[in-house]
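The following exercises invite the reader to examine a protein model step by step. Please study the sequence and the structure before attempting each task.

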Amino acid sequence: MTINLILLGPPGAGKGTQAQRLVEERQLVQLSTGDMLREARASGSEMGRRVAEVMDRGELVTDDIVIGLIREKLEGSDAAGFIFDGFPRTLAQADALDELLAGMGRKIDAAIEIQVDDDALVRRVSGRFTCGNCGAVYHDETRPTQKDGVCDQCGSTDMKRRADDNAESLRTRLMEYYKKTSPLLGYYYAKGKLRSLDGLREMDEVARDIGTILHEQNLG
């Protein structure tokens with residue numbers, strides 16, 4: 001039995017962190033829209049050429065192309081399950097994904113919403129920085145490096161902050177999320193798939209909550 005999950009929540013809610021834990025602990029495959037587009041472009045395949053043409057024109061890749069990439073990933077894998085990362089973002093994309101999965105005898109098993117308070121989210125994201133060498137994630141308040149400016153994992157001093165990890169940029173991204181993506185909460189609630197948890201708890205506690213949800217859904 002395969003598991004198909006969607007993690008929902010605003011930017012900075014911790015979806016990526018929890019997805020990575022599910023990959024490591026349950027051998028699920030994380031289907032990141034951005035990664036798939038980059039892989040397709042570099043592959044030289046027919047789909048890759050379509051992606052490159054659209055991106056080279058500075059246009060957004062169509063939903064049909066993304067669905068095609070997802071289909072290729074699903075058909076070419078015998079993984080225990082999948083986590084959809086960055087897709088769907090709109091109701092139209094959710095419908096397209098459901099149609100694709102149904103045609104393959106699959107379905108979304110759970111859409112897990114990681115809930116966070118906006119003000120707490122701004123504090124969380126604006127203090128975040130990463131090691132440019134190994135990718136370790138730190139925070140000014142909650143997870144500083146043991147030695148100022150030096151990565152605990154690899155000793156690198158190449159620390160980076162995303163240009164949009166600031167209060168003004170995050171509030172703009174939050175507004176975009178609420179306008180376009182938050183309607184998915186109602187969509188999956190109506191289908192009986194939505195489960196919500198407190199994303200402001202410690203990472204291990206959030207991971208345990210996700211495990212509880214999967215257990216209650218008889219998904220492991």
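The exercises below proceed from the whole protein to an internal cavity and then to single residues.

This is a predicted model, in which local features need pLDDT of at least 70 and side-chain atom pairs count only at pLDDT 80 or more, while totals for chains, interfaces and linings use all residues. Residues are numbered from 1 along each chain as its sequence is written, and side-chain values use heavy atoms, with hydrogens and water left out.

**Exercise 1. The whole protein**

Task: Describe the secondary structure, overall dimensions and surface of the protein.

Solution:

Step 1. The protein has 9 helices and 8 strands. Helices (H or I, at least four residues) and strands (E, at least two) are DSSP runs, numbered from the N terminus.

Step 2. A compact globule of 220 residues would have a radius of gyration near 17 Å, and the 18 Å of the protein agrees with this. The radius is taken over C-alpha atoms, and the globule rule is 2.2 Å times the number of residues to the power 0.38.

Step 3. The C-alpha trace spans about 50 × 45 × 35 Å along its principal axes.

Step 4. Of the 220 residues, 41% are buried. Buried means under 20% relative accessible area, exposed over 50%, and partly exposed in between (1.4 Å probe, protein chains only).

Step 5. The accessible surface comes to about 12,100 Å², and carbon and sulfur atoms account for 47% of this area. Such areas come from the Shrake-Rupley method with a 1.4 Å probe; for residues, only the protein chains shown count as cover.

Step 6. Among contacts with a separation of 6 or more, 66% are between residues 24 or more positions apart. Contact means heavy atoms within 4.5 Å.

**Exercise 2. The internal cavity**

Task: Determine how many cavities of 30 Å³ or more the protein has, and which residues line the largest cavity.

Solution:

Step 1. A cavity is a set of points, on a 1 Å grid over the protein atoms alone, where a 1.4 Å probe fits but cannot get out; lining residues have an atom within 4 Å of a point. Grid points are joined across faces, edges and corners, and a volume is the space filled by probe spheres set on the points.

Step 2. By this rule there is 1 cavity of 30 Å³ or more. The largest cavity has a volume of about 40 Å³.

Step 3. Its lining consists of Leu7, Lys15, Gly16, Ala19, Gln30, Ile83, Phe84, Asp85 and Gly86. Helix H1 (15-26) and strand E3 (81-85) each supply at least two of the lining residues.

Step 4. The lining divides into 4 nonpolar, 3 polar and 2 charged residues. Here Ala, Val, Leu, Ile, Met, Phe, Trp, Tyr, Cys and Pro count as nonpolar, Asp, Glu, Lys and Arg as charged, and the others, Gly among them, as polar.

**Exercise 3. Thr33**

Task: Establish whether Thr33 is buried or exposed, and list its contacts beyond four places in sequence.

Solution:

Step 1. Thr33 is found in helix H2 (residues 33-43).

Step 2. Thr33 is buried because its relative accessible area is 15%.

Step 3. With neighbours within four places in sequence set aside, Thr33 is in contact with Val66, Asp85, Gly86 and Phe87. Two of these partners, Asp85 and Gly86, also appear in the cavity lining.

**Exercise 4. Gln27 and its backbone**

Task: State what is notable about the phi angle of Gln27.

Solution:

Step 1. Gln27 is found in the loop between H1 and strand E2 (29-32).

Step 2. Gln27 is not a glycine, yet its phi is positive, at about 60°. Most residues other than glycine have a negative phi.

Step 3. Gln27 counts as exposed, since its relative accessibility is 51%.

**Exercise 5. Gln217**

Task: Locate Gln217 and identify its contacts beyond four places in sequence.

Solution:

Step 1. Gln217 lies in the segment after helix H9 (203-216). At 23% relative accessibility, Gln217 counts as partly exposed.

Step 2. With neighbours within four places in sequence left aside, Gln217 is in contact with Asp109 and Arg195.

Step 3. Gln217 and Ala110 are 107 residues apart in sequence, while their C-alpha atoms are 8.1 Å apart in space.

Step 4. Arg26, in helix H1, is 191 residues from Gln217 in sequence and 15 Å from Gln217 in space, C-alpha to C-alpha.

Conventions
1 Å grid on protein atoms, 1.4 Å probe; cavity = no way out; pocket = protein on both sides within 12 Å on 5 of 7 lines; lining within 4 Å.
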